[in-house]
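Dear colleague,

I am passing on the structure we spoke about, and would be glad if you could read the notes below with the model open beside them.

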Amino acid sequence: MEIIYEDDYFIAVDKEAGIEVDNNLINAIKKQYNHIHNLYLVHRIDKFTSGIVIIAKDKETKKYFEESFRNKTIKKGYHAIVQGYLEKENGTINISIGIDKKNPNRRIPLSIKEGGETAVTYYKVLKKLNEHTLLELNPVTGRTHQIRVHLSYIGHSIIGDRIYSKNAAVYKMKGFALIAKEIKFTHYITKEEININIKYNKEFLIRLKLLEKSNKK
């Protein structure tokens with residue numbers, strides 16, 4: 001587990017796909033980095049989503065981050081490889097989502113009246129590949145599985161997603177092609193503008209290169 005940013009108040013780690021964001025993650029970090037004693041989760045990303053996770057070192061910082069995520073003053077950027085080509089180069093997906101009563105581990109488009117919650121995601125086409133597209137995604141809200149449900153709803157599922165894609169097994173991926181790539185916010189102590197940005201992991205990069213290569217034929 002690589003720490004990509006650290007100061008006296010928090011750390012940012014680059015989480016691998018397949019690792020749950022829970023106490024097991026905290027324990028794994030403490031075991032690997034024995035200079036760190038106290039850690040507090042402030043937000044989560046899906047188990048099979050890779051990328052940036054912020055973790056506070058004290059309760060005051062934890063409170064700050066939780067309030068910031070709730071007030072939407074922290075900006076998150078994701079990249080995803082999805083099936084097909086989108087009609088527009090950029091746009092907004094505004095579809096409320098909620099728990100699927102038939103499967104509590106799944107989320108579905110659901111009206112507010114039916115118990116759904118408002119969910120808004122901005123998207124931008126970064127590159128057209130061979131029958132696929134590389135997207136930048138900025139979720140305004142932070143609902144469980146939000147990006148995955150939204151992209152599936154508009155007919156452009158994330159490749160490798162075994163819940164919201166019909167042919168995930170074809171891609172033979174450990175996770176799926178969604179990475180929490182960037183996060184921006186103002187440091188609550190130093191007031192410095194923090195911008196953490198990571199590179200694609202090996203699995204994401206290999207899949208991207210293969211689709212780029214096949215697109216040139």
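Is Lys 124 buried, partly exposed or exposed? Lys 124 has a relative accessible area of 45%, and because the range between 20% and 50% is counted as partly exposed, Lys 124 is placed in that class. The residue sits in strand 9, which runs over residues 120-128, and, when residues up to four places away in sequence are left out, Lys 124 touches Glu 89, Asn 90, Leu 134, Leu 135 and Glu 136. Between Lys 124 and Tyr 153 there are 16 Å from C-alpha to C-alpha, with a separation of 29 residues in sequence.

Before going further, please keep in mind that this is a predicted model. The mean pLDDT of the protein is 92, and 98% of the residues reach at least 70. Among the elements, strand 10 (residues 132-139) has the highest mean pLDDT, at 97, whereas helix 4 (residues 202-215) has the lowest, at 85.

The interior comes next. The largest nonpolar core holds 56 residues, and those with the most contacts inside it are Ile 29, Ile 54, Ile 55, Phe 65, Ile 81, Leu 137 and Ile 158. For Ile 54, the contacts beyond four places in sequence are with Phe 10, Ile 11, Ala 12, Val 42, His 43, Phe 65, Ile 183, Phe 185 and Ile 196, and one of these partners, Phe 65, is itself in the list of core residues with the most contacts.

Open and enclosed spaces were both searched for. The largest pocket has a volume of about 850 Å³, and its lining is made up of 29 residues, with Arg 44, Lys 76, Thr 141, Gly 142 and Arg 143 lying nearest the centre. Helix 2 (59-71), strand 5 (75-83), strand 10 and helix 3 (146-153) each give at least two residues to that lining, which divides by class into 11 charged, 10 nonpolar and 8 polar residues. As for enclosed space, the search of the whole structure found 1 cavity of 30 Å³ or more, and the volume of the largest cavity is about 50 Å³. The residues that line the largest cavity are His 43, Ile 45, Ile 52, Lys 76, Tyr 78, Ala 180, Glu 182 and Ile 183; Lys 76 is also among the residues nearest the centre of the largest pocket. Strand 5 and strand 11 (178-186) each supply at least two residues of the cavity lining, and the largest share, 3 residues, comes from strand 11. By class, the lining of the largest cavity has 5 nonpolar, 1 polar and 2 charged residues.

Helix 3 and the residues around it deserve a separate paragraph. Why is helix 3 described as largely enclosed by the rest of the structure? The description holds because 6 of its 8 residues are buried, and these are Gln 146, Ile 147, Arg 148, Val 149, His 150 and Leu 151. After the helix comes Gly 155, which has a positive phi near 90°. In the loop between strand 10 and helix 3 lies His 145, which has a positive phi of about 65° although it is not a glycine, and which is buried, with a relative accessible area of 12%. His 145 is also one of the contacts of Asp 46, together with Lys 15, Arg 148 and Phe 176, once neighbours within four places in sequence are set aside. Asp 46 belongs to the loop between strand 3 (40-41) and strand 4 (50-56), and its relative accessibility is 18%, so it counts as buried, the cut-off being under 20%.

Two further loop residues may be worth a look. Lys 191, in the loop between strand 11 and strand 12 (193-197), has a positive phi near 65° and is not a glycine; at 57% relative accessibility, Lys 191 counts as exposed. Most residues other than glycine have a negative phi. Leu 129, in the loop between strand 9 and strand 10, has a relative accessibility of 0% and therefore counts as buried. From Leu 129 to Glu 203 the distance is 16 Å, C-alpha to C-alpha, across 74 residues of sequence.

With best wishes

Terms used: Residues numbered from 1 in each chain as written. Predicted model: local features only at pLDDT ≥ 70, side-chain atom pairs only at ≥ 80, totals over all residues. Heavy atoms only, no water. pLDDT = per-residue confidence, 0-100. Helix = DSSP H or I, 4+ residues; strand = E, 2+ residues; numbered from the N terminus. Core = buried A, V, L, I, M, F, W, Y, C linked by side-chain atoms within 4.5 Å. Buried < 20%, exposed > 50% of the residue type's maximum accessible area, 1.4 Å probe, protein only. Contact = heavy atoms within 4.5 Å. 1 Å grid on protein atoms, 1.4 Å probe; cavity = no way out; pocket = protein on both sides within 12 Å on 5 of 7 lines; lining within 4 Å. Points joined across faces, edges and corners; volume = space filled by probe spheres on them. Nonpolar A, V, L, I, M, F, W, Y, C, P; charged D, E, K, R; others polar.
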